[in-house]
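Q: I would like a close, connected look at one part of this model, and then at what surrounds that part. Please take your time and explain each term as it comes up.

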Amino acid sequence: MSDEHHPSALTARVAGLAELLAGTDLLRLRIEREGEAIELGRRTLHRDEVPDMPGDLSQIDGAPARLEAIKSDLVGIFHASRPAVSEGDLLEGDRELGYIEALGIRNPVRSLGAGRIVSIKRADGEPVEYGAVLFELDRG
Amino acid sequence: MAVFSEADRESLHVRQADEAFCVGPGPVPRSYLNIPNLISTALITGCDAVHPGYGFLAENARFAEICADHGLTFIGPKPTVITAMGDKATAKRVMADAGVATTPGTDILDSVDEAKAAAQKIGYPVLLKATAGGGGKGMRVVESAAEMERAYASATAEAEASFKDGRVYMEKLIRNPRHIEVQVLADEFGTVVTMGERDCSVQKPSHQKLIEESPAPHLTERVRASLFEMASRACKHVGYTNAGTLEFLVAGEDVYFMEMNTRIQVEHPVTEMVYSVDLVKEQIRIAAGEPLGYTQKDLQLRGHAIECRINAEDPRNNFSPQAGTLSKVVFPGGPGIRVDTHVYSGAMVPPYYDSMLAKVIAFGASREAAIARMERALRETVIEGVNTTIAQCLEILATPRFREGRYDIGFLPALLLAEAAGATGSR
């Protein structure tokens, strides 16, 4: 048996391909060479397979995030809402996440739907320009 | 602090500014005319003053008022003066009060019917012009009553889109005069100086300037003195401060006030070259409350300067604007050559704005030397990816009429017509 076909070498190749697949949004990866094939597939999670479903998206590791950026549509000072939201918070529907103060006017920034707050990109009191990313949400 | 739209994110002015803030998406009304975003940017970044440049809100008295209301110094004249002189229709009335000759015309026209009646009285052909305008925007020649409805609708729409002010007024069209303008500077202590004249008669059929020079060739000293005296008198009459330009139509020895632009002009570099002055710096100094520090007798004109506007336009297709990526950009250099630009190799030309890519300015000890330097500079300029006006400018510079300095605002349209006729073989 050649080194290349030794079980330990094969395991290493499969592990490498699995890592490659995990870094993409592909569902299936198949490599064929010299009559041999290695095929990897991403397991689709169903609701009844995951403990503590529905709602606890944070329990799913490696699930691809559909990140949506919430951006400022004007120039002003960003302020967090009270009570403030935190990274990881699960939003069940549309709610105010913060506001942009511009020329003395309070302009709400809303989530426009459900999702999980993946990141908060601006600090309370920070000046923001048009188009500045304020939050990243995972719509699930 | 520089402001920019999303379409201008990679512009040179953004890259070279100490700080830059995005004020909106590409379309002008949501970015460069977005007063709340502009004011908010100035306030939250701790700016003391706002320089409006040229175009957009540069002659918007309301914007100047809003700046003042928020404790920001507007680098330009006071709002009341912008209203009096920047409003083109009002300015003519003010000039007439100051004893300055003006072209026959009207105040703001509130309807197309009013326009028709006014034209009947003045006599065709007439010119509809945007009261907040410049750059040929919102301007239409109307040869007869049959053209008025479409021209009025078109002029008001373009004026609204370009300046957020769709009002237009009317002037008698004087056929093929020279467009001669006078640069002025005035401080807040009553000192007013004129910094020579510029000949801006090389204009596209749309009345947008293409080539400007200072001093104006073959202008008699009587006319020159008359222009400077009227410009100075007008400024003192209205209490003008900061930089401005009074534009006149000159036909022989006859001079008519046309309009005043209460801002820095696109072609200001030719004045800067012949007077060794930084006009934008003077604007900032004046706005900061500093005296000019010199008087008319201290100013000395030296040499000759010419500016060519390099626009992303196809001169062979009615100067239609071009958008796209500039795959290669090489600008000229050498003695007496200056280039003002915001583009570079790989830059995108967005479809939202004026088509100007660069201004190439050539200075020489004489007009002939300036022309020679400009021709060399244009031949060395490379812009690939869009059509430009480089070849058109070279062609103009080579014509006998330009070289002799004997041209008027009908010169370029006639040249283009002759070329078109030659191309089609028609007579």
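Is the crossing of helix 11 of chain B and helix 12 of chain B left-handed or right-handed?

A: The model is a predicted one, in which local features need pLDDT of at least 70 and side-chain atom pairs count only at pLDDT 80 or more, while totals for chains, interfaces and linings use all residues. Residues are numbered from 1 along each chain as its sequence is written, and chains are lettered from A and ligands numbered from 1 in the order in which they are written.

The crossing of helix 11 of chain B and helix 12 of chain B is left-handed, a term for a near helix that is turned anticlockwise from the far one by less than a right angle. Helices (H or I, at least four residues) and strands (E, at least two) are DSSP runs, numbered from the N terminus. Helix 11 of chain B covers residues 367-380 and helix 12 of chain B covers residues 390-398, and the two pack at an angle of about 155° with their axes 10 Å apart. Axes are lines fitted to C-alpha atoms, for helices over the stretch in contact, and angles run from 0 to 180 degrees between N-to-C directions. Helix 11 of chain B and helix 12 of chain B are therefore roughly antiparallel to each other, the term used for angles over 145 degrees. At this crossing, Ile371(B), Met374(B), Glu375(B) and Leu378(B) of helix 11 of chain B meet Ile390(B), Cys393(B), Leu394(B) and Leu397(B) of helix 12 of chain B.

Helix 11 of chain B also lies across strand 13 (304-311), strand 18 and strand 20 (356-364) of chain B, running at about 140° to strand 20 of chain B. Strand 20 of chain B holds Val360(B), which is buried, with 25 other C-beta atoms within 10 Å; a residue is buried at 20 or more such atoms, exposed at 12 or fewer, and partly exposed in between, with the C-beta atoms placed from the backbone. Leaving aside neighbours within four places in sequence, Val360(B) is in contact with Cys308(B), Ile310(B), Pro332(B), Val339(B), Met374(B), Ala377(B), Leu378(B) and Thr381(B), where contact means that the two C-beta atoms, placed from the backbone, lie within 7 Å. Among these residues, Met374(B) and Leu378(B) also belong to the meeting of helix 11 with helix 12 of chain B. Although Val360(B) and Ile310(B) are 50 residues apart along the chain, their C-alpha atoms are separated by 7.3 Å.

Strands 13, 20 and 18 of chain B belong to an open sheet of eight strands, in the order 12-11-8-9-10-13-20-18, with antiparallel pairing; two strands pair if DSSP finds at least two bridges between them. Strand 12 and strand 18 (337-341) of chain B form the edges, since each pairs on one side only, and neighbouring strands of this sheet are turned against each other by 25° on average, direction ignored.

Further along this sheet, strand 8 of chain B is mostly covered, with nine of its nine residues buried. In a regular strand the side chains alternate between the two faces of the sheet. On strand 8 of chain B one side carries Arg178(B), Ile180(B), Val182(B), Val184(B) and Ala186(B), the other carries His179(B), Glu181(B), Gln183(B) and Leu185(B), and all of them are buried. Strand 8 of chain B pairs in the antiparallel sense with strand 11 of chain B over nine bridges, where Gln183(B) has Thr245(B) as its bridge partner. With strand 9 of chain B, strand 8 of chain B pairs in the antiparallel sense over six bridges, and Val182(B) stands opposite Glu197(B). The hairpin of strand 8 and strand 9 of chain B has five residues between the strands, and in this hairpin Gly190(B) takes a positive phi near 95°. Strand 9 (residues 192-203) of chain B pairs in turn with strand 10 (residues 209-214) of chain B, in the antiparallel sense over three bridges, and Gln203(B) has Lys209(B) as its bridge partner.

Another helix is placed over this part of the sheet: helix 8 of chain B lies across strand 8, strand 9, strand 11 and strand 12 of chain B, running at about 120° to strand 9 of chain B. The loop between strand 10 and helix 8 of chain B contains Pro215(B), which is joined to Ser214(B) by a cis peptide bond with omega about -5°.

Terms used: Parallel < 35°, antiparallel > 145°, perpendicular 65-115°, else oblique.
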